[in-house]
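Colleague: Could you take a close look at the aromatic rings for me, and then at the enclosed space inside the protein? Plain words and the cut-offs would help me most.

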Protein chains: 2
Amino acid sequence: MTHLSDIAIAQAKRLEHIKNIAAKLKVEEDNIEMYGKYKAKLPLSLIDDKKIENNNLVLVTALTPTPAGEGKTTVSIGLTEGLNKIGKQATVVLREPSLGPVFGIKGGAAGGGYSQVVPMEDINLHFTGDFSAVEKANNLLSALIDNNIQSKTNNLNIDPRTILWKRVIDMNDRALRDITIGLGGTANGVPRQDGFNITAASEVMAILCMASDLENLKKRLGDIFIGFTYKNEPVFARDLKAENAMAILLKEAIKPNLVQTLEENPAIIHGGPFANIAQGTNTIIATKMGLSLSNYVVTEAGFGADLGAEKFLNIKSQFAKLNPKCVVLVATIRALRHHGGAKSEAYNTPDLEKVTEGFKNLEKHIENIRKYNIEPVVAINSFVSDSDEEVSFVIEKCASLGVEAVLSEGWAKGGEGTRDLAKAVVNVVENKATQYKPLYDWKSPVTDKIEIIAKEIYGAKNVEYSKQAQLNLRRINRLGFNDFAICMAKTQKSFSDNEFLIGRPEGFTVTVREIEIAAGAQFIIPILGKMMRMPGLPSVPASENMTIDNNGVISGLS
Amino acid sequence: MTHLSDIAIAQAKRLEHIKNIAAKLKVEEDNIEMYGKYKAKLPLSLIDDKKIENNNLVLVTALTPTPAGEGKTTVSIGLTEGLNKIGKQATVVLREPSLGPVFGIKGGAAGGGYSQVVPMEDINLHFTGDFSAVEKANNLLSALIDNNIQSKTNNLNIDPRTILWKRVIDMNDRALRDITIGLGGTANGVPRQDGFNITAASEVMAILCMASDLENLKKRLGDIFIGFTYKNEPVFARDLKAENAMAILLKEAIKPNLVQTLEENPAIIHGGPFANIAQGTNTIIATKMGLSLSNYVVTEAGFGADLGAEKFLNIKSQFAKLNPKCVVLVATIRALRHHGGAKSEAYNTPDLEKVTEGFKNLEKHIENIRKYNIEPVVAINSFVSDSDEEVSFVIEKCASLGVEAVLSEGWAKGGEGTRDLAKAVVNVVENKATQYKPLYDWKSPVTDKIEIIAKEIYGAKNVEYSKQAQLNLRRINRLGFNDFAICMAKTQKSFSDNEFLIGRPEGFTVTVREIEIAAGAQFIIPILGKMMRMPGLPSVPASENMTIDNNGVISGLS
């Protein structure tokens with residue numbers, strides 16, 4: 001069996017005009033702003049709180065993933081096709097892909113096989129310019145900071161050594177991680193150490209995804225905490241009068257983007273914050289837009305459920321008063337083998353024993369989802385290397401826990417391959433959904449909030465704080481940031497903060513090394529390990545194998 | 001008399017849907033790609049060589065400008081309105097504004113008063129993402145260079161000390177002019193000195209503006225000269241297999257943008273290369289698009305006619321086989337006072353004596369335009385401080401040279417204020433136009449080409465080459481780049497390379513300090529002075545006074 005590449009499948013699709021996709025959501029052509037024939041922006045005026053309450057939100061998350069990822073986006077898109085197949089009006093709401101990794105190893109992030117959103121090239125490249133707008137807003141603030149330090153007359157007395165705000169670029173460019181700026185004499189500013197993060201890691205991106213409207217966006221941008229003056233007073237973006245200009249740069253980026261799936265169902269794609277140091281899910285505005293226009297909204301959050309779902313439920317849903325009615329836990333037989341101890345070279349070799357052992361990881365995630373008062377459905381994202389007995393084992397084991405596990409064949413078959421999954425989700429939504437409850441209240445003490453996540457979700461025995469983290473806690477207290485949400489930064493490879501502890505580790509201690517603040521996003525970010533904020537390119541970058549012809553037809557983009 | 005701000009005038013305008021603007025060019029709705037309701041991209045398939053030949057190209061340039069600029073863009077837009085008023089089908093074709101200066105002092109570049117292109121906020125901000133695309137393509141090449149140096153297996157042996165290729169960002173950010181990258185250990189690449197230019201200064205922008213189609217764009221991107229290996233062999237972007245990925249990033253940016261003037265006439269805005277180190281005019285594709293769709297095309301080129309018109313005629317028109325039939329020389333009474341010796345505080349005080357003396361500058365520009373076998377028209381861009389006798393003097397003096405000089409009141413009155421200018425232009429186009437001739441052939445020896453420009457256009461007595469420039473000439477010869485065009489980098493404030501020599505200097509020597517190469521653009525760039533490629537922000541940046549409300553309405557953008 002030979003498979004077409006993702007881009008070949010996407011290019012073979014004759015796309016529907018975006019006005020017809022909008023029509024499926026009962027949005028008139030005059031109400032959308034087209035970006036070419038196949039992309040559009042939706043005005044915020046379409047958000048309708050009453051409809052949001054009555055429609056159904058489904059979160060797709062995963063067990064603890066292998067480095068290749070377990071296909072949350074592909075399952076989300078596939079499930080949406082399946083829901084439409086069985087007569088539900090469903091929209092998939094996703095994050096925007098980052099451009100940087102497209103030229104590296106990972107490639108794009110618009111689904112795969114027969115579960116893709118299209119036009120995939122545009123979505124993976126500049127799309128409607130949202131990432132660029134975030135980058136510009138972030139870097140305008142940087143320029144204003146260095147300009148203020150340079151200025152003789154308009155100077156806030158910022159201590160350059162305390163500046164926490166970094167520049168960003170949507171490129172995998174390791175040489176920009178650690179740089180010295182302002183060299184070359186007095187005309188070029190004041191020399192200081194700096195660095196670039198990838199744009200997805202910008203707090204502006206996190207803020208865009210938390211904002212409720214332009215006014216709230218502006219407020220949050222002004223609240224960005226930059227560093228300290230020489231007198232140790234905190235400095236915020238509003239002190240540089242930066243928030244209006246930054247919001248001006250984001251005035252279009254705040255509007256969600258409408259595209260389509262391969263089966264011509266609506267897809268709303270908006271925002272792309274990092275999943276390791278930020279919330280890793282699409283904008284609140286996009287989720288609300290989906291729920292205002294569609295009876296079912298399928299969405300996803302980055303990495304495993306211990307990170308993505310935890311943040312989706314405790315941060316996003318709690319803040320935005322969303323009520324997810326079902327959580328789909330994506331599992332792959334491959335990942336279960338991994339958690340059972342299989343080496344990477346044996347990931348594709350059937351091994352029931354390993355799957356049995358690895359199931360403990362999935363079981364912990366199932367238990368965790370139930371702590372939020374939500375019923376999970378397990379989607380087994382089908383691979384050709386899966387054996388029948390491994391799949392049957394997972395289905396039966398889940399059944400013994402009262403959970404329906406369904407083979408999801410969206411990659412190979414599109415919506416035809418996800419009818420069963422769709423039925424299982426509808427069953428939970430219609431028959432088992434209640435009001436979800438977050439695990440903690442934002443107003444609780446910071447260390448309480450951190451402990452709840454570490455113990456309840458990760459399964460840690462206790463939490464330790466480094467000297468640095470203890471200093472950070474005191475600073476948070478002094479600055480009055482106690483009521484912020486906890487946005488954990490932890491390896492995605494393990495429930496613990498040690499990436500080598502696979503399966504369902506127990507009795508471990510979690511160490512908070514330091515704690516960052518994203519005051520505009522209202523996040524306290526405990527750092528449990530080294531976080532990568534600027535990826536590098538591989539020795540042979542994907543860019544080397546890309547081509548484009550004179551008609552603009554691209555190959556080699558994945 | 002109180003005047004509304006540019007943005008207030010622009011916001012008061014009820015815009016026509018862009019499909020109706022396209023209809024004026026006989027382009028069907030299905031043939032454009034809308035970016036919202038008021039912007040669109042035009043497909044390259046609309047370019048028609050036959051029509052280009054039969055339609056009329058008018059270049060707007062200026063006398064040697066004061067720092068405030070003399071209003072070329074405003075006159076270009078106004079003239080287009082006037083041409084349409086007198087029954088000609090005219091389109092204005094302009095450069096895209098750079099975002100960086102919008103937050104600095106200069107503000108936007110979408111015309112002024114009642115001669116503007118709209119939506120001015122969008123045009124001045126991200127527009128359709130072309131600048132961002134250029135920035136990404138430029139910086140992808142940078143990342144590939146540093147990645148190649150870092151790679152153990154895929155290494156071209158590039159000597160980091162020889163790298164000429166810089167990163168770019170569309171921001172006024174002086175702290176990035178001179179930086180050190182690759183710090184922090186072996187995982188972060190190889191340390192080297194680097195810097196950011198503003199995006200308009202990227203060779204990718206120059207290339208985009210010279211390219212004839214995607215294939216040619218790709219070829220030019222591959223031809224970018226990066227630096228040398230340790231064995232002193234030249235390294236090009238194609239050696240990094242970068243040209244396809246870079247072209248992929250530019251696949252939408254290569255398409256010209258359609259917007260409208262305040263009087264609902266078509267405006268094509270595309271490309272924005274620096275006028276000091278690059279060609280400073282819109283893309284060849286945009287100019288050809290205009291001429292394919294419109295009987296009259298009004299376009300402009302940066303700075304005074306010694307720079308902008310010289311490059312437009314010798315580089316762009318010669319390469320693209322365009323035939324400009326009339327050149328409009330924009331003059332202001334203010335600038336004539338300046339060239340007559342008025343101090344800046346007296347720019348707005350009538351002074352016939354100074355204007356009489358300053359006229360020598362305009363006279364030299366008139367003589368220069370005629371060297372290309374083109375008849376000029378002088379547009380006196382009207383200011384309230386102009387006295388009748390000064391204006392009459394200029395009109396009569398021009399008449400004595402056989403040149404029609406006309407008061408242009410587009411800023412205050414739109415097309416009603418430029419009817420006379422339009423008639424004067426039509427008179428030249430219909431009665432005096434012949435085949436223009438460039439001043440030099442690209443195939444001539446490099447130093448011959450430089451001397452022709454310096455002596456014929458600047459009025460220099462001779463040209464001297466620094467030691468560095470002589471080395472650069474030998475390198476150009478070794479690399480086989482002799483047949484490139486000359487793209488002069490000289491102060492815009494004087495005909496000479498000394499900004500303090502106002503009026504019509506004579507008997508001076510021009511010194512070529514060094515010579516740069518833009519091999520993809522096919523430019524040899526003699527540097528006659530210090531060129532600014534990364535502006536800074538002022539002490540109180542314009543961003544501080546901008547506001548945006550919850551409906552997205554902006555103020556303070558100019």
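Modeller: Happy to; here are the rings, then the charges over them, then the cavities.

This is a predicted model, so to speak plainly about its limits: local features need pLDDT of at least 70, side-chain atom pairs count only at pLDDT 80 or more, and totals for chains, interfaces and linings use all residues. Residues are numbered from 1 along each chain as its sequence is written, chains are lettered from A and ligands numbered from 1 in the order in which they are written, and side-chain values use heavy atoms, with hydrogens and water left out.

Rings of Phe, Tyr and Trp (its six-membered ring) pair if their centres lie within 6.5 Å; planes under 30 degrees apart are stacked, over 60 edge-to-face, and the rest tilted. Counted this way, there are 16 aromatic pairs over all chains. One of them is the tilted pair of Tyr35(A) and Tyr35(B), with 5.4 Å between centres and 50° between planes. This pair crosses between chains, and each partner sits in the loop between strand 1 (33–34) and strand 2 (40–41) of its own chain. Strands (E, at least two residues) and helices (H or I, at least four) are DSSP runs, numbered from the N terminus. Both Tyr35(A) and Tyr35(B) are buried, where buried means under 20% relative accessible area, exposed over 50% and partly exposed in between (1.4 Å probe, protein chains only).

Within chain A, Phe225(A) and Phe481(A) meet edge-to-face, at 6.3 Å and 65°. Phe225(A) is in strand 11 (residues 225–228) and Phe481(A) in the loop between helix 18 (467–479) and strand 20 (485–486), so the pair ties together parts 256 residues apart in sequence. Phe225(A) is buried at 3% relative accessible area, and Phe481(A) is buried at 7%. Both belong to one aromatic cluster with Phe228(A), Phe236(A) and Phe484(A).

In chain B, the charged end of Arg238(B) sits over the ring of Phe236(B), 4.3 Å from its centre. The rule asks for NZ of Lys or CZ of Arg within 6 Å of the ring centre and within 35 degrees of the ring normal.

Now the enclosed space. A cavity is a set of points on a 1 Å grid over the protein atoms alone where a 1.4 Å probe fits but cannot get out; lining residues have an atom within 4 Å of a point. There are seven cavities of 30 Å³ or more. The largest holds about 410 Å³, a volume being the space filled by probe spheres set on the points. Of its 33 lining residues, the closest to the centre are Phe127(A), Thr128(A), Gly129(A), Thr128(B) and Gly129(B).

Note on methods. 1 Å grid on protein atoms, 1.4 Å probe; cavity = no way out; pocket = protein on both sides within 12 Å on 5 of 7 lines; lining within 4 Å.
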